[in-house]
Amino acid sequence: MRKIIIGGLLLVGTAIAGGCTTPPIDFGSTPAYSSNERGRMIWRNWNAEGAQMVDDVDSALLLRPQSRLTIWHVR
């Protein structure tokens, strides 16, 4: 019985360590992006959302000069 358990553990350990994963294990990554790329995308999105929130507050408090264009106008 002990040999079966040890053999099963060795088989599972070998499959996990060698066959089922890629050598550089990158936790927190998706199939398309590494964890660093994903973190940069999230940070860039949070930064844009924060800038738009500040723009909305400035617009509500009339802190910007009157204009038909916003600072987000892109040609």
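**Close-up views of helix H2 and the segment after it**

**View 1. Met 53 sits in helix H2.** The model shown is predicted. Met 53 has 54% relative accessibility. It counts as exposed because that value is over the 50% cut-off. Met 53 also belongs to a nonpolar surface patch, together with Val 57, Leu 61 and Leu 63.

**View 2. Four nonpolar residues form a patch on the surface.** The members are Met 53, Val 57, Leu 61 and Leu 63. Together they offer about 420 Å² of accessible area. In an α-helix, residues three or four places apart point the same way, because there are 3.6 residues a turn.

**View 3. Helix H2 runs over residues 35–60.** How far apart are the end C-alpha atoms of H2? They are 37 Å apart. At 1.5 Å a residue, the 26 residues should span 38 Å, so the two values agree. Both Met 53 and Asp 58 are found in H2.

**View 4. Asp 58 in helix H2: buried or exposed?** Asp 58 counts as buried, because its relative accessibility is 16% and the cut-off for buried is under 20%. Which residues does Asp 58 contact, leaving aside neighbours within four places in sequence? They are Leu 63 and Arg 64. Leu 63 is also a member of the nonpolar patch.

**View 5. Leu 62 takes a positive phi just after H2.** The angle is about 55°. Leu 62 is a residue other than glycine. Its place is the segment after H2. Leu 62 counts as exposed, because its relative accessibility is 72% and exposed means over 50%.

**View 6. The whole protein has two helices and zero strands.** The protein has 75 residues, of which 3% count as buried. Asp 58 is one of the residues that count as buried. The accessible surface comes to about 7,300 Å². Carbon and sulfur atoms hold 64% of that surface.

Technical notes: Residues are numbered from 1 along each chain as its sequence is written. This is a predicted model: local features need pLDDT of at least 70, side-chain atom pairs count only at pLDDT 80 or more; totals for chains, interfaces and linings use all residues. Side-chain values use heavy atoms; hydrogens and water are left out. Helices (H or I, at least four residues) and strands (E, at least two) are DSSP runs, numbered from the N terminus. Buried means under 20% relative accessible area, exposed over 50%, partly exposed in between (1.4 Å probe, protein chains only). Contact means heavy atoms within 4.5 Å. Accessible areas come from the Shrake-Rupley method with a 1.4 Å probe; for residues, only the protein chains shown count as cover. Patches are made of residues with over 30% relative accessible area and no salt bridge: like charges are joined within 9 Å, nonpolar side chains (Val, Leu, Ile, Met, Phe, Trp, Tyr) within 5 Å. A salt bridge is a side-chain nitrogen of Lys or Arg within 4 Å of a carboxyl oxygen of Asp or Glu. The expected span of a helix is 1.5 Å times one less than its number of residues.
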